[in-house]
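Trainee: I would like to learn how to read the place where two parts of a chain meet. Could you take me through it slowly?

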Amino acid sequence: MTLRLFDTATREEREFAPLTPGKVGIYLCGPTVQSSPHVGHLRSAVAFDVLQRWLERSGYQVSMVRNVTDIDDKTLAKAAEAGWEWWAWALRYEREFQAAYAAVGVKPPAAEPRATGHIPEIIAIIARLIDNGHAYEHGGSVYFDVRSYAAYGSLTRQALEDLTPAPDAPADDKRDPRDFALWKARKDGEPETASWESPWGRGRPGWHIECSAMAQRYLGDEFDIHGGGLDLRFPHHENEQAQSRAAGYGFARLWMHSAWVTQSGAKMSKSLGNGLLVSEVLEPHEPAALRLALAAVHYRSMLEYSPSTLDEASAQWARFQGFVSRATERVGAPTSTDLATATLPEGFVEAMNDDLGVPRALAVIHETVRAGNAALAAGDDAAVAGALVGARAMLDVLGLDPAAPEWAAERAGASDTAMAALDFLVRADIDARAAARASKDWATADAIRDRLAGAGIVIEDAADGARWSLAADS
RNA sequence: GGUGGAGUGGCCGAGAGGCGAGGCAGCGGCCUGCAAAGCCGUAUACGUGGGUUCGAAUCCCAUCUCCACCUCCA
């Protein structure tokens, strides 16, 4: 069975066939870096990170391009208000986004281009659109002529006459009120550094044209997948597609859109004031639990976020972690080759191939972990080893292998040497407790356990002796 | 007004004509000195009203409610 993906443009699942065999080019709309990232931003990033990991596991070489929109009206306005240079303001938030992505295990993209670094490419496309009659200049600004392009509205199935006017310029300046800006003439009061020379005078690019230019620069005239949040479909993606295709390029062959995070049914967003900052969520919870919570729901379904969401994810994460560490202690860690070549359960593969069915894939992982835990209790080491390899390989596809370096290090928040030293100290207490238990001195044994618990160290008794671990953060 | 999406057990969430996904919480049991972890078991679930069908959460009709995009938005 091959991978099938839901194409938002045709609204149906389609068999995925890359333009170039063995390779996949993906353009993902990244953040507009004008304020701190919230949980919703991470959901989109995690969803496409899982796509990348599944494609890679399936043998493809993936070029993921995720842009940074580092200039726009809001960035300029907010920076001015704060007395910052706009570029310093943008970079500050770009760093916050990068840190947030990294925290939840999103792989760094192959390219992370900034809009302001691609002015020549942007100008070239605009010039081409003017030449072929799909764009026109007025007062130093350039607009896309929506009526010149018959397919306008096709991505989102909207008729031109049903749309409300684009508000990015006075209607008088445009041939049609729904025309949108490709190039914005510099306005009085805007910083000199926020404008560039162009055939139409100084100015800066419109939002949509940036993505058309960067996608083409890194992925070519036509590429496999364009992704982004569902809220970008219109006008952003509709306009991107119109520009690029009107300019004569094939552009994206398939569109994927991730749904958003809701709270009490309402979309999480800054403008509604219900945006939950990543920094707030990560304060009491492990990043891996946040990633699990965001990945666990199918990417096209709304994800209802509540205070218990992270508690539940933490519990699941502890279950995965517990099995992996117990099983590893018993049968040893599989080699990276074992993990890379492991045959994944059929149910898992089918679920992932069916438009990334992570919820069903997760169910298979739970089944594997349950079988592994049972084998652990039964002393069936061969079965334990099999379950360990399988579970880790599947979890890795979701970016959630507990033994992967990013999570293993995060868990302890300490280096290997510090952990070894801690183990040496705790071991003495465990031995003392074992002696007390041997002589049925339960009071002493419990006192030792309680004392360790007070220090955040959890003791678990097993048939072959006690083991310790650090308590979960939450 | 236009274009879409959603209503599933206490909660989160899959599924999309016929064996009650999975997780979290709860309850009972096993294990344990007690715990913890783990395992086993445990649910009159599919917004409402009709209809089609041997059989519907899944199809059809009607209806109610909620959400989103058409402003910046992942």
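Mentor: Let us begin with area, keeping in mind that this is a predicted model. Domain 1 and domain 2 bury about 1,300 Å² between them, and 56% of that area lies on carbon and sulfur atoms.

Trainee: Which three residues supply 54% of the area that domain 1 buries against domain 2?

Mentor: They are Arg53, Trp54 and Arg57, and no other three residues of domain 1 supply more.

Trainee: Where do these domains lie along the chain?

Mentor: Chain A is divided into domain 1, covering 4-258, domain 2, covering 306-411, and domain 3, covering 414-470. The centres of domain 1 and domain 2, taken over C-alpha atoms, are 37 Å apart, and the contact takes 13 residues from domain 1 and 20 residues from domain 2.

Trainee: How many salt bridges does the rule find across the interface of domain 1 and domain 2?

Mentor: The rule finds 1 salt bridge across that interface. Arginine 53 forms a salt bridge with aspartate 396, with 4.0 Å between the closest N and O atoms. As for polar contacts, the count between domain 1 and domain 2 is 8 residue pairs, with both residues at pLDDT 80 or more.

Trainee: Which element gives the most to the side of domain 1 that touches domain 2?

Mentor: That is α1, which gives 5 residues; β1 (4-7) and α1 (39-57) each supply at least two residues of that side. Sorted by class, the side of domain 1 that touches domain 2 has 8 nonpolar, 1 polar and 4 charged residues.

How values were computed
Residues are numbered from 1 along each chain as its sequence is written. Chains are lettered from A and ligands numbered from 1 in the order in which they are written. This is a predicted model: local features need pLDDT of at least 70, side-chain atom pairs count only at pLDDT 80 or more; totals for chains, interfaces and linings use all residues. Side-chain values use heavy atoms; hydrogens and water are left out. Domain bounds come from an automatic or database domain assignment. Contact means heavy atoms within 4.5 Å. Buried area is the accessible area (1.4 Å probe) that two parts lose on being put together, summed over both. A salt bridge is a side-chain nitrogen of Lys or Arg within 4 Å of a carboxyl oxygen of Asp or Glu. A polar contact is a pair of N or O atoms within 3.5 Å; within protein, one must be able to donate a hydrogen and the other to accept it, and residues adjacent in sequence count only if both atoms are side-chain atoms. Helices (H or I, at least four residues) and strands (E, at least two) are DSSP runs, numbered from the N terminus. Ala, Val, Leu, Ile, Met, Phe, Trp, Tyr, Cys and Pro count as nonpolar, Asp, Glu, Lys and Arg as charged, and the others, Gly among them, as polar.
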